[in-house]
Amino acid sequence: MAAAGVAVFCRRISAVLKASGSLIIPKATGSTGFSLSLLRRNPPNVTSFHQCGLLHTTLSRKGLEEFFDDPKNWGQEKVKSGAAWTCQQLRNKSNEDLHKLWYVLLKERNMLLTLEQEAQRQRLPMPSPERLEKVVESMDALDKVVQEREDALRLLQTGQERARPGAWRRDIFGRIIWHKFKQWPIPWYLNKRYNRKRFFAMPYVDHFVRLKYEKQARIETRKKSLQKKKEKTLHEKFPHLAEAQKSSLAQDI
């Protein structure tokens, strides 16, 4: 088997050499040797081949340097940056602009994460760490705007509020849950797994459900009372600020 494989390989090599022999043309007079030419003898315009650019995602002269900050910012404690994108600003953008902006933010986030990791490795403070928070906030806002558009399109086409159809149902503990519909290969009345689910609660569960609602109401009331006490303490500590706030409210009214 090994000898047969070597023989096949040798045949292929000889075929390639025979094919390339037809492409070898003699050079001009006064010179010795041969040159390999795959083009015509009189090419129409050779310079046009140098004008073609290859497809790439980043600049070829930078490469991995795209994961690092601008060299002008190296050694700086603070780097100027703009504000984060808000949902109101992103709602005015088209889907194509949002798609481009997402990858710009993703590239910036990767660069800042690399900078943060390098700063931790060298045990140095990261210059302007709020930039990463702004990028994350912008990406969250962009994701929210895209989700809003998908929900609006789904409501217009199918009338469903959620991506996966379902219904609000009550489980055995008395909680109101969102039950997602699922396709089954057999009817529901023959499906033992589906019939084991209980979408109802026994009467003795109502007492505990009421206690749960009372507990949630007490927690909310406690939070409001603590907020009021905190505001009262601040007003007593800074009375001039309290008077300024009251005057501003009176002017607004």
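**Exercise 1.** Classify Asp151 by its relative accessibility, and characterise its salt bridge with Arg154.

*Solution.* At 23% relative accessibility, Asp151 counts as partly exposed, because buried means under 20% relative accessible area, exposed over 50%, and partly exposed in between (1.4 Å probe, protein chains only). The model is predicted: local features need pLDDT of at least 70, side-chain atom pairs count only at pLDDT 80 or more, and totals for chains, interfaces and linings use all residues. Residues are numbered from 1 along each chain as its sequence is written, and side-chain values use heavy atoms, with hydrogens and water left out.

Next, the partner: Arg154 counts as buried at 14% relative accessibility. The closest N and O atoms of Asp151 and Arg154 are 2.6 Å apart, which satisfies the salt-bridge criterion (a side-chain nitrogen of Lys or Arg within 4 Å of a carboxyl oxygen of Asp or Glu). Both residues belong to helix α4, three residues apart, so about one helical turn separates them. Helices (H or I, at least four residues) and strands (E, at least two) are DSSP runs, numbered from the N terminus.

**Exercise 2.** Which parts does the salt bridge between Asp206 and Arg170 tie together?

*Solution.* The N to O distance of this salt bridge is 2.9 Å. Asp206 lies in helix α6 (residues 205-237) and Arg170 in strand β3, so the bridge links parts 36 residues apart in sequence. Asp206 is partly exposed at 36%, and Arg170 is partly exposed at 30%.

**Exercise 3.** Is Asp171, which forms a salt bridge with Arg175, buried or exposed?

*Solution.* Asp171 is buried, its relative accessible area being 7%. Arg175 is partly exposed, with 41%.
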